Amino acid sequence: MEYQPIASSSGPQANYGFTNQGYVPTAEGRPAMFAPPTAESHQPSAPPASMFDSMPGYEGTLAGGGGGFLPPPQPVSPVPQPDRSPEQPHWNIPSISENTAREAFVLYASSKCCYSKAPAKDGVITNMEAFNTYRYRLETFTESRSTEWSHEPYHGQPVDAYAQPPPGPWDIPAKAPVFFQDDKQVMKVPYTSTVKSCHDCVGMGRKPCKDCAGAGNKVCWVCNGSGYRHGDDRCHHCSGRGRENCSFCHGQGSTQCGTCHGKQQLLVYINLTIKWTSNADDYVVEQSSGLKLDNLSKVSGKELFRDSQYMVYPLMGFPDPTVVQAAERLVSEHQGKYSRLSRILQQRQTIELIPVTKVNYTWKGKSYVYFVYGNEFKVNADDYPATCCCTIM
């Protein structure tokens, strides 16, 4: 059987150096069909390692951020020593009043769609006990730097590689950070930019169409490639050819390269990413009220103490020894953990006194408990006695 190529109504096929799919025969001597397109070679290819020149001081830099974070250089001048912590004031939080406890309880019941407010309004408070607790927080504000090879379509940008050695990653100036606010800055490393042929389209600016695999046409959807409908009636949609022009590439068989945007060349350079991060850890002193510590993470307390400087000392002379021990442990962990791959810019430690009140009350002859905690007077009542009030009273 002889295979006949099919003429395209769009004129001569420009294949841009790409080979069309092979022809396959059809039955009954009807027009031949192209083999179905394959998906291979349509995915963007990764840049080859040879595309990236070796730059002094950036030998380990890879594409896609593979170089990792860069440790900061050792300081040339003595590191400033932290000031001694100021004395902590002796604060205490007075117990909340019965009216405050009841108002918080009524507001809690009102916020629940299936809770009756009767226990909160009419329950008799029999006892209130304060279980105020401390929360120690240490924040370490760090700056980290990482590099990666990157590229963009070349349209005349400055090319400066080898004009002079590029500055080191920690020698490049960046904007002054706002302490304890996360931020990020990305910039090109000076004197690393070169021009390379696009790896994705091999410098041609176009790629085979993924819909028609470079053929410029596809099987006619009306006649399914036969060229005929209902016996010997010629298909009017494709004029009996069995194929129609590809709408995605408009019959050209190729589309503009998405990597170089048709420019054929790429500007290749090293990107420096600078991240400022506030790293925080909390320690809350256990209290014997029965309220779970997870609840306290959602509320604020009365700030008793604040110390912010380049490096903080652990607390000295605080009345609760467990807070002192937690401060010593966290300060040591932060300075060891965050100084290896980042630069510590500032540390801050605070102590809050979180009010916790346990309220015992009775309703309909039975005893129940709820907790009021935090500056926000949050309420926890796991055994609320009237949790379903769907009937209309």
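**Entry 1: a loop glycine**

Strands here are DSSP runs of at least two residues, numbered from the N terminus. With that settled, I looked up glycine 57 in this predicted model. I found glycine 57 in the loop between β2 (33–34) and β3 (69–70). Is glycine 57 buried or exposed? Glycine 57 is exposed, at 55% relative accessible area. I also checked how far glycine 57 lies from proline 166. The two are 109 residues apart in sequence, yet their C-alpha atoms are 7.8 Å apart in space.

**Entry 2: cysteines**

I searched for disulfides next. A disulfide is a covalent bond between the sulfur atoms of two cysteines. How many disulfides does the structure hold? I noted zero disulfides. I then looked at cysteine 201, which is in no disulfide. Its nearest cysteine sulfur belongs to cysteine 198 and is 3.7 Å away. Cysteine 201 is buried, with 2% relative accessible area.

I turned to cysteine 257. Why is there no bond from cysteine 257 to cysteine 260? The sulfur of cysteine 260 is the closest cysteine sulfur, but at 3.8 Å it is too far for a bond. The cut-off I used for a disulfide is 2.5 Å between the sulfur atoms. Cysteine 257 is buried too, with a relative accessible area of 0%.

**Entry 3: salt bridges**

I listed the salt bridges and got 10 in the structure. I picked out three pairs to read closely.

One of them joins arginine 348 and glutamate 139, whose closest N and O atoms are 2.8 Å apart. Which parts of the chain does this pair tie together? Arginine 348 lies in strand β16 (residues 343–354), and glutamate 139 lies in strand β5 (residues 133–153). The pair therefore ties together parts that are 209 residues apart in sequence. I checked burial for each partner. Arginine 348 counts as buried at 19% relative accessibility. The cut-off for buried is under 20%. Glutamate 139 is buried as well, at 12%.

I then read the pair of glutamate 143 and arginine 145. Their closest N and O atoms are 2.8 Å apart. Both glutamate 143 and arginine 145 are buried.

The next pair is aspartate 183 with lysine 175, again with 2.8 Å between the closest N and O atoms. Are these two residues buried, or are they partly exposed? Aspartate 183 counts as partly exposed at 34% relative accessibility. Lysine 175 is partly exposed at 40%.

**Entry 4: a four-strand sheet**

I traced an open sheet of four strands. Its order is β4-β17-β18-β19, and the pairing is antiparallel. Which strands stand at the edges? They are β4 (124–130) and β19 (378–380). Each has a single partner strand, so one side of each is left without a neighbour in the sheet. I noted the twist next: neighbouring strands are turned by 25° against each other on average, direction ignored.

I followed one end of the sheet residue by residue. Strand β18 (residues 366–373) pairs with β19 over three bridges, in the antiparallel sense. In one bridge, tyrosine 373 is partnered by lysine 378 of β19. I also looked at what packs on this sheet. Helix α1 (residues 98–110) does, touching β4, β17 (356–363), β18 and β19. The direction of α1 makes about 95° with that of β18.

**Entry 5: positive phi in loops**

Phenylalanine 377 lies in the loop between β18 and β19. Its phi is positive, about 55°, although phenylalanine 377 is not a glycine. Phenylalanine 377 counts as partly exposed at 39% relative accessibility.

I looked up alanine 213 as well. Alanine 213 sits in the loop between β8 (206–208) and β9 (217–219). Its phi is near 55°, a positive value in a residue other than glycine. At 6% relative accessibility, alanine 213 counts as buried.

**Entry 6: a buried serine**

I finished with serine 342, in the loop between α4 (321–338) and β16. Serine 342 is buried, with a relative accessible area of 8%. What does its side chain reach? The side chain of serine 342 reaches the backbone oxygen of tyrosine 338 at 2.3 Å. I listed the contacts too, leaving out residues up to four places away in sequence. Serine 342 touches Pro72, Thr142, Glu143 and Ser144. I had already met Glu143 as the salt-bridge partner of arginine 145.

Note on methods:
Residues are numbered from 1 along each chain as its sequence is written. This is a predicted model: local features need pLDDT of at least 70, side-chain atom pairs count only at pLDDT 80 or more; totals for chains, interfaces and linings use all residues. Side-chain values use heavy atoms; hydrogens and water are left out. Buried means under 20% relative accessible area, exposed over 50%, partly exposed in between (1.4 Å probe, protein chains only). A salt bridge is a side-chain nitrogen of Lys or Arg within 4 Å of a carboxyl oxygen of Asp or Glu. Two strands pair if DSSP finds at least two bridges between them. Axes are lines fitted to C-alpha atoms, for helices over the stretch in contact, and angles run from 0 to 180 degrees between N-to-C directions. Contact means heavy atoms within 4.5 Å. A polar contact is a pair of N or O atoms within 3.5 Å; within protein, one must be able to donate a hydrogen and the other to accept it, and residues adjacent in sequence count only if both atoms are side-chain atoms.
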